[in-house]
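Hello,

Please find the structure below, with the sequence. My notes on it follow.

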Amino acid sequence: MFKNQPAGLYVLSLANTGERFGYYTMLAIFLLYLQAKFGFDSTVSGQIYAIFLALVYFMPLIGGWVADKWSFNKCVVTGVVVMFAGYAVMSVPTDIRSTASLVILCCALALIAIGTGLFKGNLQVMVGDLYNNARFSGQRDAAFSLFYMFINIGSMFAPMAATAMTNIALKAEGFSYVGQLPALCNAYLDGQGNGADVIALASENGMTVGADVAAWCESYISTLSTGYSYAFAVACFSLIISFLIYFLGRRTYSHIITDKKAAPAAGKQTKAAAKSNEPELSPAQTKARVVALLLVFAVVIFFWMVFHQNGATLTEFAKSCTSPDATGWTRIGFNVWALFSIAIGVYAVFNFFSSGSKGKIVCLLLLAAVAGALVYFYNSTPDPVNGIQPQQYQQFNPFYVVALTPVSLAIFGWLAKRKKEPSAPRKIGYGMVLAAVAYGLMLVGSLSIVGTNAAVSPNWLISTYLLLTFAELLLSPMGISFVSKVAPPKLKGSMMGGWFAATALGNYLVSIPMLLWGKIPVWTLWGILIIICLCAATFIFAIMKKLEAATSDSPAPAEETLENVETDAI
């Protein structure tokens, strides 16, 4: 897995790890921040959340176009600077429930979206360019799986950082986090709530409201919002680390950097070197590949619509329908260091079978250390763990990605040796089916709360994230690799931007289930998502043969199948 990979992969991956850590620290609490600080309900906060996600994933389309005309390297650096400015603005505490604060927030979100557009897709194009060299070309899919794993290492620790910053601010004022309190406080300040409800819930959690309920509500919301601002400051720091890694490791990827505005002579030499290993495509082949990618993008839209419910309806479910307590082995899942130890253990097991005698000894020592660490975490963690915050569930998905990456690589490597590995479009279809199974699990779990105020076990969400992660591993890293491989050389940036544009549209559609939240039974909501997944899977399997032919390297099939692919698209 780690063998025969260029050094530039690890530098670019680590740079992306820092940036993604900051982004997911912010995103883990973004919906909760909107609801607490501004008093928005699930409909309004869901719309803002979805619009922001859509912008974040749409802007790489523009960023890719800019990079095709300018420079991938310069776009990446500029993106870091612009994102830093956005997070810096968000990290400054402002007045709660004010129009001015909302305007400032919108400006900050725009900066983050623009910066991400310049950074994210173009960095991934640079990763793909490392594999234009024939020496590394066979490692492209494994490379993007590793790249995706590094992203999720940053994502895994993000909810912990956000929770820690929130708790620091709350404890400094003698408060504690209670999921229902922000909504009750905002309702009371709007003149629609009952002060007795605020007093009762605060008292149950060891807080004294006092005579002035309104002042206490304002203080609680302001303190919680300040804690969220501290988390946004963490994102600023992570971007500084990301930039330093990218800058100091420049020599490992300098050979793929091209500057579109360089001197003519140097430009010709650089472009010739960069294109020396890229295929020459006929206009018909180029058109066929673009059409094939667009059809895949159409399916990807619906995957991201259901997958990114993690920060929307699944967060609402964690807040409103899931017990804030965990017992048994489940409770150590809310300790990110325990999860990280398990991930190390998985890698030790896989490396044991591919290492020499010394390597096997190291792996055994690591496994012994992991076992000791897990016993320690189990014995030292209170049973039950109380006061689980909704964003903490979001660490399970990146943990599963990190832990399951070697499993997926091993499975696909085994299939590849037997020439049975599914194509990238086929993997995407399987991913949609697995996403349907994940929401089927949520549907079953939600039936127990029909007509009651009961809270379900955390294991329902934890298991759902496991299935969604399997789906993600079949779709996202393979899809990015597919775009990098199939995109016509002159359209690499634009096609990678197209992948993110499809993701953007899917992320905007995240708002639709949020519009339905509280208006229809929860199990019905999951049923709708199941139907969407199965329809998307049916579509991609229906055009599978034509997609695989259109993206082949030989001219004849590409030209022959183009007409058929376009007919199916209609």
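**Two helices and the core**

In this predicted model, helix α10 (residues 283-307) and helix α15 (residues 424-446) have axes that come within 11 Å and cross at roughly 20°. Angles under 35 degrees count as roughly parallel, so α10 is roughly parallel to α15. The crossing of these two helices, α10 and α15, is left-handed.

Which residues meet there? From α10 they are Val296, Val299, Phe302, Phe303 and Val306, and from α15 they are Ile428, Gly431, Met432, Ala435 and Tyr439. By type, the residues of this contact between α10 and α15 are 9 nonpolar and 1 polar, with no charged ones.

Next, the nonpolar cores. The largest has 167 residues, and those with the most contacts inside it are Trp216, Tyr220, Phe317 and Trp526. To take one of these, Trp216 touches Phe175, Leu181, Cys185, Val198, Ala202, Met207, Thr208 and Val209, if residues up to four places away in sequence are not counted. There is also a second, separate core of 5 residues, with Ile332, Ala338, Val370 and Leu374 among them.

Last, helix α11. Why is helix α11 (residues 313-320) described as largely enclosed by the rest of the structure? The reason is that 7 of its 8 residues are buried. The buried residues in α11 are Thr313, Leu314, Thr315, Glu316, Phe317, Ala318 and Lys319. Phe317 has already appeared above, among the residues with the most contacts inside the largest nonpolar core.

Regards

Conventions: Residues numbered from 1 in each chain as written. Predicted model: local features only at pLDDT ≥ 70, side-chain atom pairs only at ≥ 80, totals over all residues. Heavy atoms only, no water. Axes fitted to C-alpha atoms, helices over the stretch in contact; angles between N-to-C directions. Helix = DSSP H or I, 4+ residues; strand = E, 2+ residues; numbered from the N terminus. Parallel < 35°, antiparallel > 145°, perpendicular 65-115°, else oblique. Left-handed = near helix turned anticlockwise from the far one by under 90°. Contact = heavy atoms within 4.5 Å. Nonpolar A, V, L, I, M, F, W, Y, C, P; charged D, E, K, R; others polar. Core = buried A, V, L, I, M, F, W, Y, C linked by side-chain atoms within 4.5 Å. Buried < 20%, exposed > 50% of the residue type's maximum accessible area, 1.4 Å probe, protein only.
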